[in-house]
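Hi everyone, thanks for having me. Let me put the picture up, and then we can walk through it together.

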Amino acid sequence: MLPTLTDFVAELRAVGVPVSMVETLDAAQALRHADLADRGAVKATLGATLVKNAHHAAAFDTAFDVFFGLLARPEGETDDGEDERRPPDAAASEAAAGGAGDGEAGELFDALLDALLAGDGERLQDLIRRAVDQLSGLEPGRPVGGRYYFYRVMRRLDGDRLARMLREAMQAGDVEERLDERVLAESADDRMEQLRTELRREIVRRLVADRGPQAVARTLRTPLIDDIDLMHATREELERIERTIAPLARKLATRLAQRRRRGRKGRLDVRRTIRRSLAHGGVLLEPQFKPPRKSKPELVLLCDVSGSMATFARFTMQLTFAVGSQFSRVRSFAFIDGLDEVTDYFGPGADFHDAMVRMGREAKLVWRDGHSDYGNALEQFMERYSDVVSPRSTVIITGDARNNYRDPQVGLLAEIAVTARSLFWLNPEARRYWDTGDSVMSMYEPSVDGLYEVRTVRQLERFIERVALRSGPVAKQHLASI
Amino acid sequence: MDAWTNAADVRVALEGTGYLADDRIAQVAFLALRLDKPILAEGPAGVGKTALALALAEASSRRLVRLQCYEGLDEAKALYEWDYHKQLLRLQADEGKAWDDLEGDIFSESFLLTRPLLEAITSPEPVVLLIDEVDRVEIETEALLLEVLDAFQVTIPELGTIQAASRPIVVLTSNNTRELSEALKRRCLFLHVDYPTIDRERAILRARVPDLPESLATRIAQVVRSIREVPIRKAPSVSETIDWARTLLALGVEGIDGTVTADTLNVLLKYQADIDKVARELDLTAEPAE
């Protein structure tokens, strides 16, 4: 068990999950109190000791299936013999499948649909093993990724049709209204998802038996949600990312609020000090202070939402939305080559998707041709909204600073920087591309208090952690007044 | 609780108090007892993180000591504080005595106000210590917890180090509003608690609302799951689901259709925008498409 554990930890680290030495020891210690024949117990034990962040759960699950998938195989199947016996079998049916595979797939299809409808887990397991035997074309020793076999089985099985027919079959009969339809469709999807998970597991199991866990794990690595490039995220990844934004936004707002509160006690509360002194026979022992006034962070967000930023813009607007729905003193602006205020669309109680639609329809973001123009956006901002920025506000600009060779109006940004408490710029492009082509990042850089590359959730998190630690703004105002 | 030899025993014991743990929760709770490590339960509000601590206390018949965290919580509120008033009275009562006698006297345990952490440590009989919503305290205050969680001891400069008389079971909960420090996480067993599966939620409903018919419980669990799929501000918690079940039972509802759901949605959801959105997304009042 111990060598497997260290390999497993090494794999987690390779994916980017931080596991310390102490935690590995804890895991080893904890395993002594788990039933090693029980997959679930081993998984819970390792999960609790090694992975301390819910974002890392998916990576943990994948690695666990690879390294411990052979644990506690389903009833009626023994560990040895099975895998040695299967491969030639599979190879044979692979050859057959070339010609007459449709018939077999068809028969399997019906049987699977039946098992899914009945919710019969054991039969499903059995059928999945047969499906992998007959349809995956798994050959021992071939260095092919696990995902390839998965898609191959699903394709030859016609997984989409299976999902559709399962939905239809489950909805047949007792649907009286939309609510029924939805509930039944969801249970159908649940069962399909179960099929997919089990299929993936079965394939991983076979591959590991053939090639050993390390090699298989390498082919299954996917970036952690924290490390996905926001500019090139797929829709599915974006959805997962969106779920992590609300806590981040809350964190950003609390950090900003905290910074302003810390170190400042309220004024002396004479009445309470004297009252308290009565307990000590009139000795003014404990001075009492008025609680400092609770201040809400003032945040001004300027977001580039032009075409080149589309994916990232969705992310920043999500962030805007999340911050805006919790704090009233946030003003948000979007721009392409024109700039407009979008605070109201994303205010409390609003729905994000509605807000995006409204922004696209109602806000005047295009001024001339719909290509980013930071200079003009800044000009419009200063013309119409210069009063928004006060010495108490933090300004955050998000954008790639690709100005399409137009006038960047650097002076205007400097003006904002002098007025604001602090000004930060988040650039979603890799640092090495800054100042290439039409990017004018370095021209803006001297004016900002902090310039951050934010291509991933992890980087955004780092920015948020740091932003609260800065104490610069006060000193800066002092300088400005000299 | 010494009779608990495996995770299944823990689960049965918890079930006896009305808390239905899944295998994972039971395993982690069992590990916590065996390894003397705190549990850090994290997850959305209302999935039973705090309830786990309450259930553990009841199942092991220990007293529960609760430290509710909030922004600005400090040593004096979490650990201990000297009772100034009493010290002052003592000094005045003994005017004229030698200082050395007095000093030893006023900095003794009878002048100490114990706060939850110290209370959990000094309690003669073992307790369950619940540190609720630990993500609300500032990162600096978190450090305060480390000594307690690590060695189950508290150091008071005037008195020395107080070692725990018995090891408490510690449960920390977090709503994940901020990332907890690595040092704290490293010392804990991490338990991510999410909304229960349909089957488990049904079982919870059956346990908490015994009069609820099986079919209605299933249906409630399904509909609530469906609502949680909608991206809203505050998804219904387990306790809100239970409230909903009680409401439906009180209204004498036999089957749940769109209209009934729409009429009672305010039990599950607490924001008008959420209610509107769910009613729209789930098409609660419409006929089926065919």
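Chain A has 19 helices and six strands. Please keep in mind that this is a predicted model. Of the 482 residues in chain A, 37% are buried. If you take the contacts in chain A with a separation of 6 or more, 72% of them join residues that are 24 or more positions apart.

Now chain B. Here the secondary structure comes to 14 helices and nine strands. Chain B has 290 residues, and 37% of those count as buried. Among its contacts with a separation of 6 or more, 74% are between residues 24 or more positions apart.

What about the overall dimensions of chain B? Along its principal axes, the C-alpha trace spans about 95 × 45 × 35 Å. The radius of gyration of chain B is 24 Å, whereas a compact globule of 290 residues would have one near 19 Å.

Let's zoom in on a pair of helices in chain A. Take α4(A), residues 57-68, and α10(A), residues 213-220: their axes are 9 Å apart and they pack at an angle of about 155°. Angles over 145 degrees count as roughly antiparallel, so α4(A) is roughly antiparallel to α10(A). Their crossing is right-handed. Which residues meet there? From α4(A) we have Thr62(A), Ala63(A), Val66(A) and Phe67(A), and from α10(A) we have Pro213(A), Val216(A), Ala217(A) and Leu220(A). Sorted by class, that contact has seven nonpolar residues, one polar residue and no charged ones.

Next, a pair of helices in chain B. The axes of α12(B), residues 238-250, and α13(B), residues 258-268, come within 9 Å and cross at roughly 140°. That angle makes α12(B) oblique to α13(B). The crossing of α12(B) and α13(B) is right-handed. On the α12(B) side, the contact is made by Glu240(B), Asp243(B), Trp244(B), Thr247(B) and Leu248(B), and on the α13(B) side by Thr264(B), Val267(B) and Leu268(B). By class, the contact of α12(B) with α13(B) has four nonpolar, two polar and two charged residues.

On to the place where the chains touch. How many residues does each chain bring to the contact? Chain A gives 37 residues and chain B gives 41 residues. On the chain A side, four elements each supply at least two residues: α2 (21-31), α3 (39-50), α9 (178-211) and α11 (235-261). By class, the side of chain A that touches chain B has 15 nonpolar, 10 polar and 12 charged residues.

For a single residue to follow, try Pro247(A), which is found in helix α11 of chain A. Setting aside its neighbours within four places in sequence, Pro247(A) is in contact with Asn176(B) and Thr177(B). Is Pro247(A) buried or exposed, or something in between? It is partly exposed, because 17 other C-beta atoms lie within 10 Å. Compare it with Ser306(A): the two are 59 residues apart along the chain, and their C-alpha atoms are separated by 26 Å.

Now for some backbone angles. Most residues other than glycine have a negative phi. With that in mind, look at Asp158(A): its phi is near 60°, a positive value in a residue other than glycine. Asp158(A) lies in the loop between α7 (146-157) and α8 (159-171) of chain A. With 15 C-beta neighbours inside 10 Å, Asp158(A) counts as partly exposed.

Chain B has an example too. Phe152(B) is not a glycine, yet it has a positive phi of about 50°. You will find Phe152(B) in the loop between α8 (139-151) and β6 (153-156) of chain B. Why is Phe152(B) called buried? A residue is buried if 20 or more other C-beta atoms lie within 10 Å of its own, and Phe152(B) has 20.

One last stop, towards the start of chain B. Thr5(B) lies in the segment before α1 (7-16) of chain B. Thr5(B) has 11 C-beta neighbours inside 10 Å, so it counts as exposed. From Thr5(B) to Glu140(B) is 135 residues in sequence, and in space the two are 38 Å apart, C-alpha to C-alpha.

That's my tour. Thanks for listening!

Terms used
Residues numbered from 1 in each chain as written. Chains lettered and ligands numbered in written order. Predicted model: local features only at pLDDT ≥ 70, side-chain atom pairs only at ≥ 80, totals over all residues. Axes fitted to C-alpha atoms, helices over the stretch in contact; angles between N-to-C directions. Parallel < 35°, antiparallel > 145°, perpendicular 65-115°, else oblique. Left-handed = near helix turned anticlockwise from the far one by under 90°. Contact = placed C-beta atoms within 7 Å. Nonpolar A, V, L, I, M, F, W, Y, C, P; charged D, E, K, R; others polar. Rg over C-alpha atoms; globule rule 2.2 N^0.38 Å. Buried ≥ 20, exposed ≤ 12 C-beta atoms within 10 Å, placed from the backbone.
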